[in-house]
Each structure stands twice: as C-alpha cells, then as structure tokens.
Amino acid sequence: SLLTFMSIVISTERKRLSPDESRTAALEAAREILIAEGPQAVTLKAVAAKVGRTHANVLHHFGSALGLQKALAAMLAESVCTTIGATVLRARRGEADPRLIVDMTFDAFDQQGAGALATWMIMSGNTQALDPILSAIHHLVDDLGEDGHDDVSMHQATLTLVLMALGDSLLGKPMADALGLPREAARDIAYKQLMASPGVLARMAAA
C-alpha cells in the first residue's frame with residue numbers, strides 16, 4: 001500500500017543519517033523542546049519521539065538524561081558565545097552597536113532557554129551539566145580581553161552581565177510589571193553599568 005511504501009521511504013531516509021547527523025538532530029529537537037515547553041520537558045523519551053527515533057537510539061548518543069542535558073548546554077553555549085564574539089568584533093569595526101552585546105547576552109538566557117536550563121540543572125543537582133556554559137563564557141572573555149586570563153575587569157563585568165541576564169530571564173517580566181518599569185529596564189541598567197565601569201564595554205567596542 002501507499003502507507004507501507006511511505007513508511008519504507010521514511011525509514012530509509014532515517015538510516016542515511018550519520019551518527020553525527022543523528023546526534024545533531026537530537027540536540028536540535030532538545031533545544032526546540034526546551035524553548036517551547038521548558039527544561040523539565042527535555043527527556044530522552046521526548047527527544048526520541050520528536051526525531052522519530054527510539055529511546056535506545058537517543059540513549060546511545062548521550063548515555064543518560066544528564067548526558068543529553070550537558071550536550072544541550074554545550075551546544076547552546078557554543079552558539080551563544082560564537083554569536084556574541086562575532087558581535088563584539090563587528091562593534092570594534094564600527095559595524096554594530098555595543099548595546100547588541102548586552103541584548104544578545106540577555107536573549108541567550110531568556111529567548112534561547114539558557115537561563116531556564118541552567119536554573120533547572122542547579123535545582124536538580126546536575127551542576128556538572130553547567131560546565132560547558134561556564135567554560136565557554138570564560139574562554140570567550142579571555143579571548144576578547146586585552147590581557148587574556150589577567151583581565152580581571154573583563155571577568156568582573158562578565159560576571160555582572162551574566163548574573164543580571166540570568167535573573168532577568170527568570171523574574172524580569174513580573175518584577176518590571178510590579179515596579180511599573182518597562183520590560184527592557186534590566187537591559188538598560190546592565191548597559192549603563194557596564195559603560196560606566198572602567199571602560200570594559202567601551203573597550204569591547206573599540207579597536
């Protein structure tokens with residue numbers, strides 16, 4: 001029948017995926033679930049259903065639910081830090097507003113789900129899964145700083161920005177509403193504070 005034929009075609013297409021392609025597809029599915037339904041919905045079973053694979057197949061790629069979460073955190077961190085790093089370089093060439101650096105950091109924790117994922121990991125005791133995010137941010141700051149690992153002011157500014165972005169992703173809207181402030185108030189405050197610090201954000205955007 002036509003249904004049987006289509007099932008064979010779909011099955012054949014699935015088998016053509018390489019292990020790396022299959023793993024990437026699973027991570028993309030996990031990211032979509034994270035954004036749409038929250039971190040508690042990111043399970044091996046849910047990801048398997050979304051990509052049309054078996055639970056055992058997804059388990060093979062990640063080893064455990066914790067392995068899936070850690071891999072997802074690594075993918076998010078790499079994507080976010082690559083984007084922010086590129087924006088900093090554009091700002092240094094005068095091709096982008098330094099404010100974008102703040103906005104992209106806030107977006108990473110809010111719209112891309114990094115804040116919810118990080119908080120859920122902390123609350124569930126899976127702190128090891130946070131390592132890829134922390135490591136990626138650390139390496140990005142070292143790469144962008146003038147003095148590498150010794151650029152303490154850059155580290156302090158990044159700590160402030162990340163903690164503000166994390167807090168905003170969790171409580172930004174209700175707090176702003178309760179205080180009668182616009183939704184972007186925390187971003188405005190973060191930008192002003194960093195610009196007022198010893199030239200950190202300005203240095204990011206200067207040649």
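Start with the whole chain on screen: of its 207 residues, 39% count as buried. Keep in mind as you go that this is a predicted model.

**Stop 1: the whole chain**

Colour by secondary structure. You should get eleven helices and zero strands, so to speak a run of α-α-α-α-α-α-α-α-α-α-α when read along the sequence. Now switch on contacts, keeping those with a separation of 6 or more: 66% of them join residues 24 or more positions apart.

**Stop 2: helix 2**

Select residues 19-37, which make up helix 2. How far apart are its end C-alpha atoms? They are 26 Å apart, and that agrees with the 27 Å that 19 residues should span at 1.5 Å a residue.

Next, show side chains for Ser 22, Ala 26, Leu 27, Ala 29, Ala 30, Ile 33 and Leu 34, the buried residues of helix 2. Look down the axis: they cover an arc of only 160°, which puts them on the same side of the helix. The background is simple: an α-helix has 3.6 residues a turn, so residues three or four places apart point the same way.

Spin the view to the face of helix 2 that is turned away from its buried side, and pick out the exposed residues Asp 20 and Ala 36. Then turn back and bring in the neighbours. The cover over the buried residues of helix 2 includes helix 3 (44-51), helix 4 (55-62), helix 5 (65-92) and helix 7 (114-123).

Before leaving, click on Gly 38, just after helix 2: its phi is positive, about 100°.

**Stop 3: helix 3**

Move on to residues 44-51, helix 3. Which residues are buried here? Leu 44, Val 47 and Ala 48 are. Seen down the axis of helix 3, these fall within an arc of 100°, so they line one face of the helix. Lys 45 and Ala 49 are exposed, on the face turned away from that buried side.

Helix 2, helix 4 and helix 5 are among what covers the buried residues of helix 3. Just after helix 3 there is another glycine to click on, Gly 52, with a positive phi of about 70°.

**Stop 4: Met 121**

Now jump to Met 121, in helix 7. Is Met 121 buried or exposed? Its relative accessible area is 0%, so it counts as buried. Add Pro 39 to the selection and draw a distance between the two C-alpha atoms: you will get 8.6 Å, for residues that sit 82 apart along the chain.

**Stop 5: the largest cavity**

Time to look for empty space. Rolling a probe the size of a water molecule over the atoms shows where empty space is left. The structure holds two cavities of 30 Å³ or more, and the largest cavity has a volume of about 240 Å³.

To find the largest cavity, select Ile 84, Thr 105, Ile 137, Leu 140 and Val 162, which lie nearest its centre among the 21 residues of the lining. Helix 5, helix 6 (99-109), helix 8 (131-144) and helix 9 (152-179) each supply at least two lining residues. Helix 5 has the largest share, six residues. Colour the lining of the largest cavity by class and you will see 19 nonpolar residues, two polar and no charged.

**Stop 6: the largest pocket**

Select Leu 134, Ile 137, Leu 159, Val 162 and Leu 163, which lie nearest the centre of the largest pocket. This pocket has a volume of about 330 Å³ and is lined by 15 residues. Ile 137 and Val 162 are names you have already met at the largest cavity.

Which helix gives the most to the lining of the largest pocket? That is helix 9, with six residues; helix 7, helix 8 and helix 9 each supply at least two. By class, the lining of the largest pocket divides into twelve nonpolar, three polar and no charged residues.

**Stop 7: the second largest pocket**

For the last stop, select Gly 172, Met 175, Ala 176, Ala 185 and Ala 186, which lie nearest the centre of the second largest pocket, out of 13 lining residues. Helix 9 and helix 10 (185-196) are the elements that give two or more residues to this lining. Helix 9 again gives the most, with seven. The space in the second largest pocket is about 170 Å³, and its lining has nine nonpolar, two polar and two charged residues.

Definitions and conventions
Residues are numbered from 1 along each chain as its sequence is written. This is a predicted model: local features need pLDDT of at least 70, side-chain atom pairs count only at pLDDT 80 or more; totals for chains, interfaces and linings use all residues. Side-chain values use heavy atoms; hydrogens and water are left out. Helices (H or I, at least four residues) and strands (E, at least two) are DSSP runs, numbered from the N terminus. The expected span of a helix is 1.5 Å times one less than its number of residues. Buried means under 20% relative accessible area, exposed over 50%, partly exposed in between (1.4 Å probe, protein chains only). The arc is that of the directions from the helix axis to the C-beta atoms. Contact means heavy atoms within 4.5 Å. On a 1 Å grid over the protein atoms alone, a cavity is a set of points where a 1.4 Å probe fits but cannot get out, and a pocket is an open set with protein on both sides within 12 Å along at least five of seven lines; lining residues have an atom within 4 Å of a point. Grid points are joined across faces, edges and corners, and a volume is the space filled by probe spheres set on the points. Ala, Val, Leu, Ile, Met, Phe, Trp, Tyr, Cys and Pro count as nonpolar, Asp, Glu, Lys and Arg as charged, and the others, Gly among them, as polar.
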